[in-house]
Each structure stands twice: as structure tokens, then as C-alpha cells.
Amino acid sequence: MASVSRIASLLERKYGKPQRRLGKPMDVLIETILSQNTTDKNSSRAFKRLKARFPDWERVASARVASIEAAIRIGGLPNIKAKRIKKVLREIRKREGKLSLGSLKQKQAGEAFTYLTSLDGVGPKTAACVLAFALGKDTIPADTHVHRVSNRLGFVKTKTPAKTQQLLEEKVQNRHKHAFHINLIAHGRTTCKAIKPRCSRCFLKKLCPQVGVTKSV
Ligand code: SF4
């Protein structure tokens with residue numbers, strides 16, 4: 001089986017080394033909560049509507065749950081997400097004295113991760129997204145693509161994305177993490193699909209232990 005570093009290099013050669021574009025920590029946090037259990041398209045729409053409806057996060061924190069719900073409805077699970085968002089905002093305001101996660105920029109990745117996952121409703125993937133896409137830290141948020149492709153390629157043998165994320169954090173060198181995460185998602189979307197992966201056309205097929213095991217095309 002090929003090493004994680006070798007596959008990371010091959011993925012970078014195929015899909016490139018993505019540039020980091022950092023968002024505002026509060027925006028990335030809320031956008032990631034909205035992305036839970038829905039498509040990127042719908043969560044992006046929900047986020048835009050929330051921002052259009054409320055001029056700042058203070059107004060969201062003070063709003064009625066029903067108003068938040070109405071704004072984010074298109075993103076799915078509006079009731080659960082509206083309550084979660086309001087609770088997270090209030091907790092951050094209580095801890096920080098304001099609605100800002102700017103203090104996390106000075107912290108090490110592990111410390112910032114612990115802080116974020118201590119917020120009710122913020123799981124390991126959401127926390128890692130804030131680290132990667134707002135704070136510029138090296139980490140691997142494991143979504144369904146990262147989890148599936150990593151298991152098929154034999155990097156991990158896990159049942160949940162959270163466990164996959166934990167193991168990949170240990171196995172992948174920091175300098176590869178950002179590109180590895182983005183490129184595994186690209187590979188999962190284009191080739192290593194959930195149903196009928198395109199193994200016959202996959203550039204990693206000679207290195208993949210899953211060829212012939214998974215039903216592919
Ligand atoms: S060979 Fe098939 S299972 Fe392996 S990474 Fe490629 S598409 Fe996925």
C-alpha cells in the first residue's frame with residue numbers, strides 16, 4: 001500500500017495545490033453549521049439569506065429562533081440549526097464579551113480546536129473548518145468524501161468521519177494537510193464516488209487496495 005505522503009503528492013500533481021482563502025471566523029463557523037446535512041448549494045443560499053436578513057451577528061443572537069429559522073429554511077433542518085446558531089452565538093458572547101473569535105488566532109491549532117468543540121453544537125468537522133478556512137491552521141476536516149476515500153485507499157479503517165479526521169491529523173504531515181483535504185474532496189466528487197466509483201479511470205488504481213472489492217465502473 002502506498003504511503004499517505006505519496007498519495008498526497010500524487011493528488012497535488014493531479015488536482016494542484018489550492019490557495020488558501022481565509023474567511024472571517026464567525027462567518028465560517030455559522031456557514032459550516034448551516035452546511036450540516038445539506039448540499040453546498042443550499043447551505044450557501046441559507047447563509048446569504050441569513051446575512052441579508054440580519055446586518056450583524058449581534059442581531060442574530062438577539063433574534064427570535066423563528067426569525068432565524070425563516071431566514072435559513074432553504075438550508076434544511078431550520079429548527080435545529082436556528083437553535084444551534086443562537087446558542088453558539090450567545091455562548092461566544094458570554095465567553096469573549098463580544099461576538100468575535102479573534103482570540104483564537106493567537107492559539108495553537110489544538111487549543112483552538114478544544115475551544116471550538118467545547119461549544120454546544122460544534123463538532124470536530126465544524127471546528128476543523130474554522131481552523132482551516134478562517135484561522136489558516138493546518139488541519140483536515142473530514143467530510144463524507146474525505147472519510148470514504150481515505151478508507152478506500154487504506155489510510156484508515158474507521159466507521160465515522162470524526163475518527164477518520166482524528167487519525168488523518170496524526171498521519172498526514174502539516175505541510176500536506178490543506179491540499180490533501182481539498183484534493184480528497186475533489187477526488188471523491190469526480191472519481192471515487194460513493195456509488196460506483198470510477199476505478200477503471202482512476203489515476204490511483206494501481207495503488208488502491210479497494211480495486212475489485214468495491215462495485216465500480
Ligand atoms: S481505485 Fe476506485 S476505490 Fe480506489 S481511489 Fe480510485 S476510484 Fe476510489
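User: Into which domains is the protein chain divided?

Analyst: In this predicted model, the protein chain is divided into domain 1, made of residues 4-17 and 141-207, and domain 2, residues 25-133. The bounds come from an automatic or database domain assignment. Taken over C-alpha atoms, the centres of domain 1 and domain 2 are 27 Å apart.

User: What makes up the contact between domain 1 and domain 2?

Analyst: Contact here requires C-beta atoms within 7 Å. By that criterion, 8 residues of domain 1 meet 6 residues of domain 2. On the domain 1 side, α10 (161-171) and α11 (174-190) each supply at least two residues, and α10 gives the largest share, 3 residues. That side divides into 4 nonpolar, 3 polar and 1 charged.

User: Why is the protein chain called as compact as a globular protein of its length?

Analyst: The globule rule gives 17 Å for 217 residues, and the radius of gyration is 18 Å; the two values are close, so the description holds. Along its principal axes the C-alpha trace spans about 55 × 35 × 30 Å.

User: What is the secondary structure of the protein chain, and how much of the chain is buried?

Analyst: The protein chain has 11 helices and 0 strands. Buried residues make up 40% of its 217 residues. Of the contacts with a separation of 6 or more, 59% join residues 24 or more positions apart.

User: How do you know that the length of helix α6 agrees with its number of residues?

Analyst: Helix α6 covers residues 78-96, which is 19 residues; at 1.5 Å a residue the expected span is 27 Å, and the end C-alpha atoms are 26 Å apart, so the two agree. After α6 comes G97, with a positive phi near 80°.

User: Which residues of α6 are buried, and what do they pack against?

Analyst: The buried residues are K81, A82, R84, I85, K86, V88, L89 and I92. They pack against α2 (25-34), α4 (57-62) and α5 (65-72). In general, an α-helix has 3.6 residues a turn, so residues three or four places apart point the same way.

User: Why is R148 called buried or exposed?

Analyst: The threshold for a buried residue is 20 or more other C-beta atoms within 10 Å. R148 has 21, and therefore counts as buried. R148 is found in helix α9 (residues 144-152). Leaving aside residues up to four places away in sequence, R148 touches G188, C192 and A194. R148 and I185 are 37 residues apart in sequence, with their C-alpha atoms 9.7 Å apart in space.

User: What surrounds the ligand?

Analyst: There are 15 residues around the ligand, of which C192, P197, C199, C202 and C208 come nearest. The shell divides into 8 nonpolar, 4 polar and 3 charged residues.

User: What is notable about the phi of N37, and why is N37 called buried or exposed?

Analyst: Most residues other than glycine have a negative phi. N37 has a positive value, near 55°, and lies in the loop between α2 and α3 (40-53). A residue is exposed at 12 or fewer neighbours; N37 has 11 C-beta neighbours inside 10 Å, so N37 counts as exposed.

User: How do you know the exposure class of L77?

Analyst: The partly exposed class lies between the limits of 12 or fewer and 20 or more. L77 has 15 other C-beta atoms within 10 Å and is therefore partly exposed. L77 is found in the loop between α5 and α6, and its phi is positive, near 45°.

Notes: Residues numbered from 1 in each chain as written. Predicted model: local features only at pLDDT ≥ 70, side-chain atom pairs only at ≥ 80, totals over all residues. Helix = DSSP H or I, 4+ residues; strand = E, 2+ residues; numbered from the N terminus. Rg over C-alpha atoms; globule rule 2.2 N^0.38 Å. Contact = placed C-beta atoms within 7 Å. Near = placed C-beta within 6 Å. Nonpolar A, V, L, I, M, F, W, Y, C, P; charged D, E, K, R; others polar. Expected span 1.5 Å × (residues − 1).
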